[in-house]
Amino acid sequence: MKSALRRLVTRPGGYIPLIWLMLLTFCAAFPAVVATHEPNAADFTAILEGPSAEHWFGTDDLGRDNYSRLVHSSRTAVVAGLQAVGTALILGVPIGLFVGYAGGWWDRIVMRIVDAVFSLPGLILAFAIVAILGPGITNAMIAVGILFALRFIRLTRAMVLSVREEPFIEAAQLSGAPTHTILGRYLLPNMYGPLIVQTTISLAAVLLIEAALSFLGLGVQQPDATWGSMLRAARSLQRDNPITPWPPGLAITFTVLAFNALGDALRDVLAEGRGGRKKAARRGVAVGLAEDAAAHDHEHPSEEAAGTGTLLSVRNLDVTVPTDTGRARAVRDVSFDVQAGEIVGLVGESGSGKTVTALAVAGLLPRGLAVDPRASITFDGRQLVGMTESQLAGVRGTGIGMIFQDPTASLNPALTVGFQLAEPLRIHGGMTRSAAAERAAELLDRVGVANPRQRLRDYPHQFSGGVAQRVMTAMALASEPSLIIADEPTTALDVTTQQQVLELLVELCEDLSMAMLFITHDLGVVAEVCDRAVVMYAGEAVETGDVYGLFAQPCHPYSQALLASVPLLDADDDRLVTIGGRVPAPNEEFGGCRFANRCELAAEICEEGPVSLKPLEDEGRLSRCVLVDSAPANGGKS
Amino acid sequence: MVRTFAYRLAAAVPLAVLVSFLAFGLVHLIPGSASETILGDGATLEAVAELDRQLGLDRPLHEQYWNWVTDAVRGDLGRSVITSRHVSDTLIERYPVTLSVAGGGLLVAVAIGVAGGTVAALRQGRLTDRLISLGTATGLAVPNFWVAVLLAFYVGVQLGWLPAVGYVGPTESLFEWVKHLIMPSIALGLGSAAVVARQMRGGLLDVLDRPYITAARAKGLRYRRVVVVHAMKNAFIPVVTVIGFQASVMLGGAVLVELIFGMPGIGVQVVGAVLSQDLPVVQGVVMVASLTVIVMNVLIDMSYAYFDPRVRLA
């Protein structure tokens with residue numbers, strides 16, 4: 001709590017409103033000290049004067065000093081706010097605690113009433129309550145307090161319910177501790193934060209209502225001033241003295257603004273205390289990029305991106321992500337090619353950077369992630385790095401189609417499947433609505449969706465995962481791209497549907513002579529689907545080659561370990577081999593090989609410096625290992 | 001469509017009954033009786049008892065409620081204690097004015113709020129976003145009646161661009177009607193526009209991070225189309241909830257704002273009635289305003305089905 005307070009007063013959003021509210025409280029406590037005149041002293045020699053050294057904000061129709069009346073009004077504002085919010089707290093918190101704790105019928109009935117009253121026009125209900133209680137500021141504020149109690153009932157009840165659902169509460173109940181003592185011990189300390197925030201925001205709202213009621217003459221009675229009643233008087237006085245509506249109006253605005261800003265700042269501070277600090281991450285961005293540039297080495301024995309058959313060529317791809325300490329490299333110096341009509345696998349564990357690589361190729365990286373501008377991604381002869389969003393839009397769909405991991409989340413829930421499927425046809429293909437619908441049905445039929453014509457009218461939530469992935473596939477095919485990027489297209493599906501979708505993808509690639517970049521963590525799938533594969537580890541491509549050679553004789557110790565961990569039905573050994581340790585995070589830097597700390601073969605030489613991809617004797621095979629010449633499974637003749 | 005509307009309206013009946021309890025209860029919470037208010041301080045006990053009998057105030061409470069509620073359903077909300085006019089006549093004459101102002105305010109709130117929130121989301125973190133967030137913070141803090149006072153004086157009186165006072169019905173002159181409504185609607189709508197803008201910005205930012213937006217971009221659609229066709233409809237779902245709530249805020253605020261622009265709505269009546277404890281008028285206004293909000297909420301509920309197809313089957 002103390003550190004929260006410190007964080008609050010060190011930010012402008014915290015201390016500026018606090019200073020204003022402290023000034024206000026001082027004025028309310030000692031108005032005579034701050035004011036220059038008696039607030040109600042009429043002076044008929046100085047009626048409706050403009051601002052002067054004597055009367056800073058001028059005078060009203062009775063010659064009373066506007067500044068002093070404004071200062072004295074602050075007491076009404078403060079007292080009224082405390083009365084109303086105090087009433088709301090006293091009524092709302094116990095009722096909320098009770099219904100949240102009691103639950104059942106109590107909860108249902110009270111919350112029904114609260115919801116009902118909440119939906120009615122508040123100001124008009126306040127009128128009704130004032131009509132019963134009679135005019136006067138205290139009555140009016142109690143009326144407002146009763147209405148605001150509803151907010152506190154809702155808030156307190158919600159907090160009780162959320163605590164009740166915590167697993168440790170259930171555990172404590174099972175161990176026999178009475179519910180109310182557990183709730184009390186855990187709930188009370190956690191309630192202060194949200195309650196303080198709600199109180200602050202309620203004070204702002206109450207102040208506006210108090211001003212409105214006073215403005216209507218339903219609050220404080222003459223001659224005492226409030227900001228609302230000063231504004232009321234200003235309506236008829238502003239013609240003769242235009243300054244009159246400004247001081248009370250600004251006083252209300254600043255005070256409400258201060259309460260709201262304080263509420264926002266409090267919420268931020270409390271949220272930071274609980275969770276991570278997102279903003280700190282952004283600061284290091286520029287510094288990190290510069291460091292990256294210095295550390296980056298570009299020596300690379302790349303395959304030449306030549307030949308008429310090369311469709312996609314990625315060279316020296318670096319993708320950086322923001323972290324707490326600056327920018328880290330999530331993808332490091334990755335290079336590979338995809339030939340026309342070829343299926344290339346991108347394999348690795350979670351965190352290896354394979355999905356980020358795929359998204360980078362399509363220019364679809366999430367916010368915050370960035371491709372290093374020195375990288376090169378050429379597709380069909382066009383350089384994609386540095387393209388604007390609208391230039392990229394010209395490549396996506398028609399050139400590169402995408403299939404995503406979670407098909408149900410990747411379809412728009414608010415639009416029919418038919419609309420989403422017909423959209424690229426109408427926009428890229430220039431088809432009419434009916435022609436596009438016809439073609440969409442054909443596409444659905446092609447990917448094996450039953451009753452395609454009826455299903456076009458359905459919404460995504462009416463589809464199962466497997467069928468949704470077929471729809472996504474149809475959508476990727478719609479504009480007849482020459483490359484499909486499939487990002488773990490079967491991971492979210494049932495085992496039985498996985499196989500069907502895989503077969504469909506391979507079949508489509510053959511029939512339509514499309515190339516595919518297939519991202520997966522499953523080596524079995526790679527063996528089944530791909531012509532060539534790129535094995536990725538901790539952001540780097542550690543080995544590339546044709547699938548046959550890769551499986552027969554993996555060269556990099558990581559590929560070997562990965563292959564060894566695939567359970568085989570006909571294996572002699574029942575033991576499931578795993579790789580110890582975990583994939584290093586993008587911001588973890590090593591002097592040498594990034595796999596060394598998990599590698600069984602690691603030697604001193606591995607730690608000495610960065611390791612680059614080296615070509616092996618086998619044509620088209622590359623490996624990133626210093627031991628590759630001495631490694632036991634070294635790629636000799638197979 | 002009509003059937004859904006009727007069904008939802010029927011589902012709102014319990015809420016309407018609750019409101020009628022509240023409105024009826026008003027009279028009986030007050031010390032003394034309506035007869036005393038009518039006859040004044042000098043009335044004899046016999047005279048009060050006689051008037052009580054005439055007004056039916058000596059009957060059991062449930063009987064009084066039943067009589068009141070059956071009369072109300074037939075459109076008879078009783079007579080003003082002060083002027084003896086039928087409350088329903090007053091409402092029929094004046095309520096359309098208040099509704100016009102509230103509707104105008106809501107229109108301003110939605111138009112400015114949705115536009116501002118969308119621009120802020122698309123320019124997240126940039127200068128435009130900061131300026132809009134400053135604008136919404138101010139919009140939330142500025143009292144609508146102060147804006148009304150300033151607009152009426154500076155734009156209405158000094159510049160003379162728009163009428164500072166009065167009201168012309170739409171049947172008389174559509175053009176004049178709109179002209180008289182511009183300033184009240186702006187004064188009333190700015191605060192709610194800030195609320196709508198905040199929700200719109202947050203909702204749109206949330207939606208823009210969803211996988212289906214990436215998928216839409218992957219189809220090669222222009223970003224403008226992705227935002228307008230794929231993001232807006234989803235981002236609107238929480239905004240609709242906020243708009244529903246603001247509709248009720250607008251109705252309360254309209255009473256205040258129409259007073260300042262000298263419009264013949266229910267504002268003058270209701271403030272006068274509150275001050276003189278003219279309860280039949282207060283009752284009538286509470287009833288009618290609440291029922292308006294209830295109908296409004298039914299419409300809002302129905303609009304969810306358009307924005308979120310998952311609601312349709314439920």
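In the predicted model, strands β10 and β11 of chain A form a hairpin with two residues between them. One residue of this turn, Ala538(A), has a positive phi of about 50°. The two strands of the hairpin are antiparallel and are paired over six bridges. Within this pairing, Arg532(A) has Asp546(A) of β11(A) as its bridge partner.

Strand β10(A) is largely enclosed by the rest of the structure, because six of its six residues are buried. In a regular strand, side chains alternate between the two faces of the sheet. Both faces of β10(A) are covered: Arg532(A), Val534(A) and Met536(A) are buried on one side, and Ala533(A), Val535(A) and Tyr537(A) are buried on the other. Besides its pairing with β11(A), β10(A) runs parallel to β3(A), to which it is joined by four bridges. Here Gly345(A) stands opposite Ala533(A) of β10(A).

These strands belong to an open sheet of eight strands with mixed pairing, in the order β7-β8-β9-β3-β10-β11-β13-β12 of chain A. The edges are occupied by β7 (400-403) and β12 (614-615) of chain A; each has a single partner strand, so one side of each is left without a neighbour in the sheet. Strand β11(A), residues 540-546, also pairs with β13(A), residues 622-623, in the antiparallel sense over two bridges. In that pairing, Thr544(A) stands opposite Leu622(A) of β13(A).

Two helices that lie across strands of this chain were examined. Helix α14(A), residues 354-362, lies across β3, β7, β8, β9 and β10 of chain A, and runs at about 145° to β8(A). Helix α24(A), residues 557-564, lies across β10 and β11 of chain A, at about 100° to β10(A). The loop between α24 and β12 of chain A contains Pro584(A). This proline counts as partly exposed because it has 17 C-beta neighbours inside 10 Å, whereas a buried residue requires 20 or more. When neighbours within four places in sequence are left aside, Pro584(A) is in contact with Ala538(A) and Arg594(A); Ala538(A) is the residue with positive phi in the turn of the β10-β11 hairpin. Pro584(A) and Leu493(A), 91 residues apart in sequence, are 28 Å apart in space, C-alpha to C-alpha.

Chain A as a whole comprises 24 helices and 13 strands. Of its 638 residues, 46% are buried. Among contacts in chain A with a separation of 6 or more, 66% are between residues 24 or more positions apart.

At the interface between the chains, 58 residues of chain A are in contact with 57 residues of chain B. Several helices of chain A each supply at least two residues of the side that touches chain B, including α5 (104-118), α9 (179-215), α11 (246-274) and α17 (417-428). The largest share of this side, eight residues, comes from α6(A). By class, the side of chain A that touches chain B has 38 nonpolar, 15 polar and five charged residues.

In chain B, helix α7 covers residues 127-141. At 1.5 Å a residue, its 15 residues should span 21 Å, which agrees with the 21 Å between its end C-alpha atoms. The buried residues of α7(B) include Ile132(B), Thr136(B), Gly139(B), Leu140(B) and Ala141(B). An α-helix has 3.6 residues a turn, so residues three or four places apart point the same way.

Notes. Residues numbered from 1 in each chain as written. Chains lettered and ligands numbered in written order. Predicted model: local features only at pLDDT ≥ 70, side-chain atom pairs only at ≥ 80, totals over all residues. Expected span 1.5 Å × (residues − 1). Buried ≥ 20, exposed ≤ 12 C-beta atoms within 10 Å, placed from the backbone. Contact = placed C-beta atoms within 7 Å. Nonpolar A, V, L, I, M, F, W, Y, C, P; charged D, E, K, R; others polar. Pairing = 2+ DSSP bridges. Axes fitted to C-alpha atoms, helices over the stretch in contact; angles between N-to-C directions.
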